[in-house]
Amino acid sequence: MSALSLNNSTLSSFPTSISVPRYNRQSLEAGIVHVGVGGFHRSHQAFYTDNYINHTGDLGWGICGIGLREADRAIKQSLEAQDYLYSLLVKHPSGKTEVQIIGCLTDFLLAPDDPEAVINKMAAEETQIVSLTITEGGYNYDPSTGEFDFSNPDIQHDLANPNKPKLIFGYLAAALDRRRKSGQKPFTVQSCDNVQHNGDVIRKMLVTYISSYDSELADWVASQVSFPNAMVDRITPATTDKDIVLAEQLGVIDSWPVTCEPFHQWVIEDKFCQQRPAWEKVGAQIVNDVTPYETMKIRLLNASHTVMGILGSLRGYQTIEQTISDPLFATVVSTFMDNEVTPILDEVPGIDLSDYKRTLIARFANPNIKDSLARICSQSASKVSTFLVPTIVKNLKIGGNTAIANLVIAAWCLYSDTHSSQQGQPLEVIDDMAETLQQAAHASRISPLAFLEQPSIFGSIIENESFCNEYKYYISKLYAGVAIEQIMEVVLSN
Ligand code: CS2
């Protein structure tokens, strides 16, 4: 059978090998407004929600997508042309790919086109949750102080233009203000980003933002809105042209399918000021305190990704799977997890850390997932400060081991300076801070600690003498052209 285009009229014609929504999409109501409809939202929260609606028939939990940036226009156009349907390609290590057509997206609003429509949608009575995947950098805090960054020009713009904001804080503030003034209940703000205590962070940032101009609204938000913390997990590589071809071979003509691994986990604190879907019916874990789960996940999974991303890029590898298949890199990752992260983790209820780490290595090695190092290294400035620096800081406090993390930062300096592998292949560096990073990195040719002199990323680790001495050693070797593998061998032998 030839492939079918994806839209409402073809849904009933797909073969049974492809799962399709079993509910009446026309009757869906969007109880959720989601900001940041990237691959991860579509493989995770939307997947759970679609499963939930299939399982319960509860039609109140459609999702209206929001894009805050002009760059989101492409995804809006793709979804619009497909009646907001898309296919999720779940890639198993065996080589098998399952296809699930996800139907719970009901609409997509591009904020720069019509900010008012976005504010209205969030303020609408049926909106019970505004959820977010705005990336680690979207929270607008200075990692060295944890405080809201008012110096961001977009924040200044939003304070001056409350009805035409650019960033999330302005939208949430305007919509919550309308709800308060019209006597409605607020919505829950649910973060789905890889930020530790993501709910606490968005709460603090939003309340600080609003406090700067309206203390009454700030008090109302602080006391009435809930911001559950959550741990989110599913490896979701960026979609490539090959995935579009694969979807077609499997029967679906989709201009933007999403690929992901079979594994998925979502641990959520049950703090919702309005209703929520019973996601626990389809595998989410509802807990009182998510802290140990999120710390474990960010410090083991995300930080190991960063370790492989930076070291692997310098070595000239392209994907995580390729990097972890090299026994030297696999040993470095395991050693990092065992020696530098495990000792600083608290007990995680119901989880055996050795099993968890074994599963992580197997997930990284899934040969059917081609997760590019370019994706992993994108926005490294916010990833390093979120995933790696807190581990270093904690270890420096307790006299723990920091050798591999230290080498990764030195390697990131060379990476940021040359934008190429050690063999001279150019690297695609996607980072809002790329220029600043390159300047700081370049200065290390003369002053070896220059890269560490960026407190917004590294806090005050530059004040630790033994860390700096080791770091200078790695910088001298790397800038002398010593191969990263050779330095990794030295680190492992110590
Ligand atoms: C990755 C994450 O971008 C990254 O740095 O570590 O996107 C990772 O794949 C997800 O958090 C997995 O849940």
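Colleague: How far does helix α10 reach from its first C-alpha to its last?
Modeller: This is a predicted model: local features need pLDDT of at least 70, side-chain atom pairs pLDDT 80 or more, while totals for chains, interfaces and linings use all residues. Residues are numbered from 1 along each chain as its sequence is written. Helices (H or I, at least four residues) and strands (E, at least two) are DSSP runs, numbered from the N terminus. α10 has 25 residues, 291-315, with 36 Å expected (1.5 Å times one less than the number of residues), and its reach is close to that, at 35 Å.

Colleague: Where does α10 bend?
Modeller: The bend is the angle between axes fitted to the seven residues ending at a residue and the seven starting there. In α10 it is about 25°, at Ile298.

Colleague: How many residues of α10 are buried?
Modeller: Buried means 20 or more other C-beta atoms within 10 Å of a residue's own, exposed 12 or fewer, partly exposed in between; C-beta atoms are placed from the backbone. α10 is mostly covered, and of its 25 residues the buried ones number 22.

Colleague: Which residue follows α10?
Modeller: Its phi is positive, near 95°. The residue is Gly316.

Colleague: Which strands stand at the edges of the open four-stranded sheet?
Modeller: Its order is β2-β6-β5-β14, with mixed pairing (at least two DSSP bridges between two strands). Each edge strand has a single partner, so one side is left without a neighbour in the sheet. The edge strands are β2 (18-19) and β14 (258-260).

Colleague: Which residue in β6 stands opposite Ile18?
Modeller: β2 and β6 (residues 97-102) run parallel, joined by two bridges. Opposite Ile18 stands Val99.
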